[in-house]
Amino acid sequence: MKAKKTKNLLITSLLTLMMIFMGTAAQSGPLHTDTSFAETEYTIFVYSGKEGYFGSPGNTVKKLTGKKYGQKVTVSLGDLGLVVKHPEEYYVRGMKIAGHDNDELSSMQLMSYSFDIEEDTSFSIAYGIKGGMVKYRVKYQDRKGNTLHETEEFYGMPGDRPVVAFKLIDGYIPDDYNLVRELKEDESKNVFVFKYHKDKADSSGGGDDGDDSDNDGNGGNGGINTADNDNIPVNNIRDLDDNDTPLTINDEEKPGADASSGLASGIIYGIIGLGLLIALLLLWLLLRRKKKEDES
């Protein structure tokens, strides 16, 4: 009688474990073990619009190919060879990125933009009518205020919100990817300052900027470039008009997050599977013992 009661208990436990396993599988979905996205090459498309072209008349699309998932890229208008057809009438307000028609990024003009490659990405050039333009400057300094790269000057209209991206500087790591602020008629207020700290892993030398950070990274140069530094803030735009508050633009779930979720699901499946195996083993031992008792 005792053996029969134990047998029924084990069978009930086994059925319960099977139901839990099936329910967990239904909620978790399939395991995300596909890493093909990491091997795929992506392309950046930039469309000039009807008021401009790239290099020669009729060339309205610029393609930047061979980009890898997770690659850090900066797209800069100054390096695309854009020609405005009627420069006496129009000026370039910046680039617009596809898929951001109704969020904060849509109100900004991307003069240069740094981001991580996740998929094919498209930009379109936006133009404005000239009149009453103001100058703005972009500076690149260490945390002591020493100049690391020559100051750059650009022009826009008061009320514009241009976005500018950092430049890779050997031996230094930028504190921000991108900066934005609204242009004012008072040009003294139209200053963007990128701050950098020393890359302690860099062996090229250089003076001390007074930074005690342990961040590491690698530098380089170029308007359309790639950085191998994981410590640069990912896909952020720091709004200089809003108490230096970073704006989170890209919060969409990434394939990498799917892979992590798949790993967690795999661990859960493994634990449940182990429980099922133990239950089956106990049931087999019980049945074997009962068979010997019956034979005796």
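**Asn 190, the largest cavity and the nonpolar core**

Asn 190 lies in the loop between strand E14 (178-180) and strand E15 (191-198); helices (H or I, at least four residues) and strands (E, at least two) are DSSP runs, numbered from the N terminus. The model is predicted, with local features requiring pLDDT of at least 70 and side-chain atom pairs pLDDT 80 or more, whereas totals for chains, interfaces and linings use all residues. Residues are numbered from 1 along each chain as its sequence is written, and side-chain values use heavy atoms, with hydrogens and water left out.

Asn 190 has a relative accessible area of 0% and is therefore buried (under 20% relative accessible area; exposed is over 50% and partly exposed in between, with a 1.4 Å probe and protein chains only). Residues up to four places away in sequence aside, Asn 190 touches Val 134, Lys 135, Tyr 136, Arg 137, Glu 182, Leu 183 and Lys 184, a contact being heavy atoms within 4.5 Å. Tyr 136 is 54 residues from Asn 190 along the chain, and their C-alpha atoms are separated by 4.7 Å.

Tyr 136 and Leu 183 also line the largest cavity, together with Tyr 91, Val 92, Arg 93, Gln 109, Met 111, Tyr 155, Gly 156, Asp 160 and Pro 162. On a 1 Å grid over the protein atoms alone, a cavity is a set of points where a 1.4 Å probe fits but cannot get out, and lining residues have an atom within 4 Å of a point. The search of the whole structure finds 1 cavity of 30 Å³ or more, and the volume of the largest is about 40 Å³; grid points are joined across faces, edges and corners, and the volume is the space filled by probe spheres set on the points. Strands E6 (90-97) and E11 (147-156) each supply at least two lining residues, and E6 gives the largest share, 3 residues.

A second buried loop residue is Leu 80, at 2% relative accessibility, between strand E4 (72-76) and strand E5 (82-84). The C-alpha atoms of Leu 80 and Gly 55, 25 residues apart along the chain, are separated by 8.3 Å.

The chain contains 2 helices and 18 strands, and 38% of its 296 residues are buried. The largest nonpolar core (buried Ala, Val, Leu, Ile, Met, Phe, Trp, Tyr and Cys residues joined through side-chain atoms within 4.5 Å) has 42 residues, and those with the most contacts inside it are Ile 44, Val 46, Val 75, Met 95, Tyr 113 and Phe 123. Strand E10 (residues 134-142) contributes the largest share of this core, 4 residues.

How values were computed: 1 Å grid on protein atoms, 1.4 Å probe; cavity = no way out; pocket = protein on both sides within 12 Å on 5 of 7 lines; lining within 4 Å.
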